[in-house]
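User: I am new to reading protein models. Please take me through this one with short answers.

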Amino acid sequence: MKTNTKKGFRASLLLSVVICLTLMISACGSGTKTATGETAVETSGQEAPKETKTDSPKSIVKINVGYIPDLNGAAPIVVADEKGYFKDAGLNVNAVKFLSGPPEFQAMASGDLDIAYIGPGATFLAAQGQGKIIALASLGFGDMVYATKKSGIQDWKDLKGKTVGVPKGTSGEMILNLGIEKGGLKPSDVNIVNIDVAGAVSAFVANKVDAVAIWSPYTKEIEKQLGKENIVKLGDNRTFYPDYVFPASWVVNPKFLEEKPEVVQQFLEAWVKANDYKIKNVDETIALTSKYTQVPEDSLKEQYETMEWIESSKIAGYMKDGTSVKWFENLEKMFVANGKMAEVVPGDKFIATEPFVKAQEAAGGN
């Protein structure tokens, strides 16, 4: 009996040790880290699924994008949001309204803005290293210089000694400077007042300035308030075309491009889809943009007549063959002549062509 008792005791002890070891091993493997860093507790003694990370939903990235409330600067944002292109690209876009390009560059410098739309006039800030051009928006023909009939101005040369209101650093200023040159004058011959867009409209309507350099659709607002018969149009982009081409563009904060190139790629893929959609669906795009910006549809339709939208495949082609570089370098020559830049910076220093070309290909382009 004693022998059997000892054997039974040893068997019982061995069984207890095995059970303890099994429990310890099980406890060591009872939890695993998920993609969010939280501990997932296993059930039924089963191993945690290895697919936890790869099967988790793609995280949505929030970016701040600057737009100008017109058909050029807002339409791609509106369409991409409305059609779900941003969502499909994994983006949550916080659209921030601006009235001109220079303040957008200030916001990018402070880290408050990642990507933005700019008109041709703000290109010199990108050339100075404050932004990287990543897409062509359009060719613009809507910048104009208007004079009041009361001012007696009939031609460019008549601007001498007159007061002209213009938001500096914009395409409106570029047309003004070309006109001043065409009239045989120097900028110092004209009293040029730096004033924001809304202020320029108000000052012109109230006869506080003799002339104004501004763009559509704000020119249409002036015409409505004063009447075309009380306005003298000195010139617009077409006055200097094709010697000068005025491309609007989308720029990215250089630091953002360096740190998050994949997010820039996501944005451009959504942008490409929105760009091609708006070109094929102009009326719908105008209606959506009007609702979003609160700019009347009639004004946006008139603005549409003053621009040339470019298909994404053509944009990619212009970036590949160097056409876009030539356009922007030509703009720089004007900036140098007007004292905004000391010299022409090679276009490839501030134009990032590769992201757009890749985005266009990823979106199903040729």
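User: Is Lys83 buried, partly exposed or exposed?

Analyst: This is a predicted model, where local features need pLDDT of at least 70, side-chain atom pairs count only at pLDDT 80 or more, and totals for chains, interfaces and linings use all residues. Residues are numbered from 1 along each chain as its sequence is written, and side-chain values use heavy atoms, with hydrogens and water left out. Buried means under 20% relative accessible area, exposed means over 50%, and partly exposed lies in between (1.4 Å probe, protein chains only). Lys83 has a relative accessible area of 30%, so the residue is partly exposed.

User: Which residue forms a salt bridge with Lys83?

Analyst: A salt bridge puts a side-chain nitrogen of Lys or Arg within 4 Å of a carboxyl oxygen of Asp or Glu. Here the closest N and O atoms are 2.7 Å apart, and the partner of Lys83 is Glu284.

User: How many residues apart are Lys83 and Glu284?

Analyst: Helices (H or I, at least four residues) and strands (E, at least two) are DSSP runs, numbered from the N terminus. Lys83 is in the loop between helix 2 and helix 3 (85-88), while Glu284 is in helix 11. The pair links distant parts of the chain, 201 residues apart.

User: How many salt bridges does a search of the whole structure find?

Analyst: Lys83 with Glu284 is one pair. Another joins Lys233 and Asp236 at 2.8 Å, N to O. The search of the whole structure finds six.

User: Is Glu173, which meets Lys340 in a salt bridge, buried or exposed?

Analyst: The two side chains meet at 2.8 Å, N to O. Lys340 lies in the loop between helix 14 (323-337) and helix 15 (354-362), and Glu173 lies in helix 6, 167 residues apart. Lys340 is partly exposed at 24%. Glu173 has a relative accessible area of 7%, so this residue is buried.

User: In what order do the six strands of the open sheet lie?

Analyst: Two strands pair if DSSP finds at least two bridges between them. The pairing in this sheet is mixed. Its edge strands, each pairing on one side only, are strand 4 (91-97) and strand 13 (307-309). The order is 4-3-5-12-6-13.

User: Which residue in strand 12 stands opposite Ser138?

Analyst: Strand 6 (residues 132-140) and strand 12 (residues 247-252) run antiparallel, joined by six bridges. Opposite Ser138 stands Ala248.

User: What angle does helix 2 make with strand 12?

Analyst: Contact means heavy atoms within 4.5 Å. Axes are lines fitted to C-alpha atoms, for helices over the stretch in contact, and angles run from 0 to 180 degrees between N-to-C directions. Helix 2 (residues 71-82) packs on the sheet, touching strand 12 among others. Its direction makes an angle with that of strand 12 of about 50°.

User: Which residue follows Ser216 across a cis peptide bond?

Analyst: Omega of this bond is near 10°. The residue is found in the loop between strand 10 (211-215) and helix 8 (218-226). It is Pro217.

User: What is the phi of Gln294?

Analyst: Gln294 is in the loop between helix 11 (282-293) and helix 12 (297-304). At a relative accessible area of 64%, Gln294 is exposed. Gln294 is not a glycine, yet its phi is positive, about 70°.
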